[in-house]
Amino acid sequence: MKIHSTYMAIVLATVIMNAENHECKNYVLSASDQSLIDMMEHYLHTSRKEECPPPIKTSNSGVTYVRWGKKSCPKGAEIVYTGQVGGTQYGYRGGGVNYLCLPNDPENGQHQSYGNNQVYGSEYQLSSSMKPSGWSESMADKEVPCSVCYQKHRSTVLMIPGRKSCYKGWNSEYNGYLMSDHNTHFRRDFACVDINAEPVDNKNGNEDGAVFYPTRTKCGSLRCPPYTNETDVLCVVCTK
Ligand SMILES: *[C@@H]1O[C@H](CO)[C@@H](O)[C@H](O)[C@H]1NC(C)=O
């Protein structure tokens with residue numbers, strides 16, 4: 001290896017000297033030039049082997065996403081679990097801002113006497129006066145299901161607000177309406193709720209919790225066009 005390195009240093013020095021003496025760079029590579037290049041590539045390949053990252057194992061790829069509002073996963077996706085959506089109660093100032101997809105088969109902890117309730121269930125707050133177009137009013141105050149889906153053959157997942165279809169080269173997992181908590185409540189994440197959302201069950205007691213309201217555009221700082229004023233915000237979840 002030592003001798004090889006010294007030899008390569010001489011070869012390199014020769015190449016650099018030759019290059020410096022050339023003004024013109026449009027020369028045609030001769031067979032011996034090419035063999036020099038091949039030799040250098042071979043040298044780099046053997047001496048830098050350790051610096052190469054290990055090949056990516058395809059069995060370690062795949063992405064997961066939550067399908068808000070549905071108990072099942074789209075065709076082609078594996079279900080990890082189904083559950084009920086939850087989160088911090090809408091009137092609490094602190095706590096988590098994200099919706100949680102809580103499994104239907106929890107492993108529960110011990111009882112505690114301190115007061116810091118954070119995990120409530122979720123309800124659709126969709127009345128006749130406040131719902132995306134085409135949605136059933138019967139969803140009002142019903143609890144919200146979710147499912148966690150695994151796409152084994154994809155490597156990235158992207159939720160696009162403001163669209164119902166994916167860009168070219170991406171695969172649509174599901175589309176729906178962008179929802180969040182009400183703008184008079186404390187902050188919550190946005191979630192893309194499936195267009196064919198279903199309730200957990202038929203109970204419709206008004207118990208609130210981490211609630212879902214449809215969202216609407218507001219032109220101004222939001223440019224219209226391309227957006228339109230006071231309209232439902234669509235969304236799509238795409239994988240690639
Ligand atoms: C959006 O709609 C509201 C209420 O109709 C109106 O006051 C506002 O001027 C509209 N904005 C634009 C940019 O059209």
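This report walks through a predicted model of one protein chain and its ligand.

## Overall build

The chain holds two helices and 10 strands. Read along the sequence, the pattern is α-α-β-β-β-β-β-β-β-β-β-β. The two helix symbols stand at the start, and the strand symbols follow.

The chain has 240 residues, and 28% of them are buried. Its exposed surface is about 16000 Å². Carbon and sulfur atoms supply 52% of that surface.

Next, consider contacts between residues with a separation of 6 or more. Of these, 72% join residues 24 or more positions apart.

## The nonpolar core

The largest nonpolar core has 28 residues. Which of them touch the most other members? They are Trp68, Tyr124, Trp135, Val193 and Phe212.

Several strands each supply at least two residues of this core: strand 1 (63-68), strand 5 (145-151), strand 7 (171-180), strand 8 (191-194) and strand 10 (234-239). The largest share comes from strand 7, with four residues.

Look at Trp135 in the structure. Setting aside neighbours within four places in sequence, Trp135 is in contact with Tyr124, Leu126, Tyr177, Met179, Val193, Asp194, Ile195 and Ala197. Two of these partners, Tyr124 and Val193, are also among the core residues that touch the most other members.

## Two buried loop residues

Ser122 is in the loop between strand 4 (120-121) and strand 5. Is Ser122 buried or exposed? Its relative accessibility is 0%, so Ser122 counts as buried. Leaving out neighbours within four places in sequence, its contacts are Gln84, Val85, Gly86, Tyr99, Lys142, Glu143, Val144, Ala210 and Phe212. Phe212 has already appeared as one of the core residues that touch the most other members.

Ala77 is in another loop, between strand 1 and strand 2 (78-87). Ala77 is buried because its relative accessible area is 16%, and the cut-off for buried is under 20%. Ala77 and Cys149 are 72 residues apart along the chain. Even so, their C-alpha atoms are separated by 6.0 Å. Cys149 is also a contact of Ala77, along with Tyr65, Tyr150, Gln151 and Glu173, when neighbours within four places in sequence are left aside.

## An exposed phenylalanine

Phe190 sits in the loop between strand 7 and strand 8. Why does Phe190 count as exposed? Its relative accessibility is 54%, and exposed means over 50%.

Phe190 still has partners from elsewhere in the sequence. Not counting residues up to four places away, Phe190 touches Leu178, Met179, Ser180 and Thr215. Take Leu178 as an example. Phe190 and Leu178 are 12 residues apart in sequence, and their C-alpha atoms are 6.4 Å apart in space.

## Backbone details

Two cis peptide bonds deserve a look. One joins Cys224 and Pro225, with omega about -15°. Another joins Pro225 and Pro226, with omega about 10°. Pro225 is in the loop between strand 9 (213-214) and strand 10. Pro226 lies in the loop between strand 9 and strand 10 too.

Now turn to phi. Asp208 has a positive phi of about 55°, although Asp208 is not a glycine. Asp208 is in the loop between strand 8 and strand 9. Glu230 is likewise a residue other than glycine with a positive phi, near 55°.

## Around the ligand

Which residues surround the ligand? They are Lys218, Cys219, Asn229 and Glu230. By class, this shell has one nonpolar, one polar and two charged residues. Taken alone, the ligand exposes 360 Å². The protein buries 35% of that area.

Glu230 links this site to the backbone details above. Glu230 lies in the loop between strand 9 and strand 10, where Pro225 and Pro226 are also found. A polar side-chain atom of Glu230 is 3.2 Å from an oxygen atom of the ligand. Is Glu230 buried, partly exposed or exposed? Its relative accessible area is 35%, so Glu230 is partly exposed.

Methods: Residues are numbered from 1 along each chain as its sequence is written. This is a predicted model: local features need pLDDT of at least 70, side-chain atom pairs count only at pLDDT 80 or more; totals for chains, interfaces and linings use all residues. Side-chain values use heavy atoms; hydrogens and water are left out. A residue is near a molecule or strand if one of its heavy atoms lies within 4 Å of it. A polar contact is a pair of N or O atoms within 3.5 Å; within protein, one must be able to donate a hydrogen and the other to accept it, and residues adjacent in sequence count only if both atoms are side-chain atoms. Accessible areas come from the Shrake-Rupley method with a 1.4 Å probe; for residues, only the protein chains shown count as cover. Ala, Val, Leu, Ile, Met, Phe, Trp, Tyr, Cys and Pro count as nonpolar, Asp, Glu, Lys and Arg as charged, and the others, Gly among them, as polar. A nonpolar core is a set of buried Ala, Val, Leu, Ile, Met, Phe, Trp, Tyr and Cys residues joined through side-chain atoms within 4.5 Å. Buried means under 20% relative accessible area, exposed over 50%, partly exposed in between (1.4 Å probe, protein chains only). Contact means heavy atoms within 4.5 Å.
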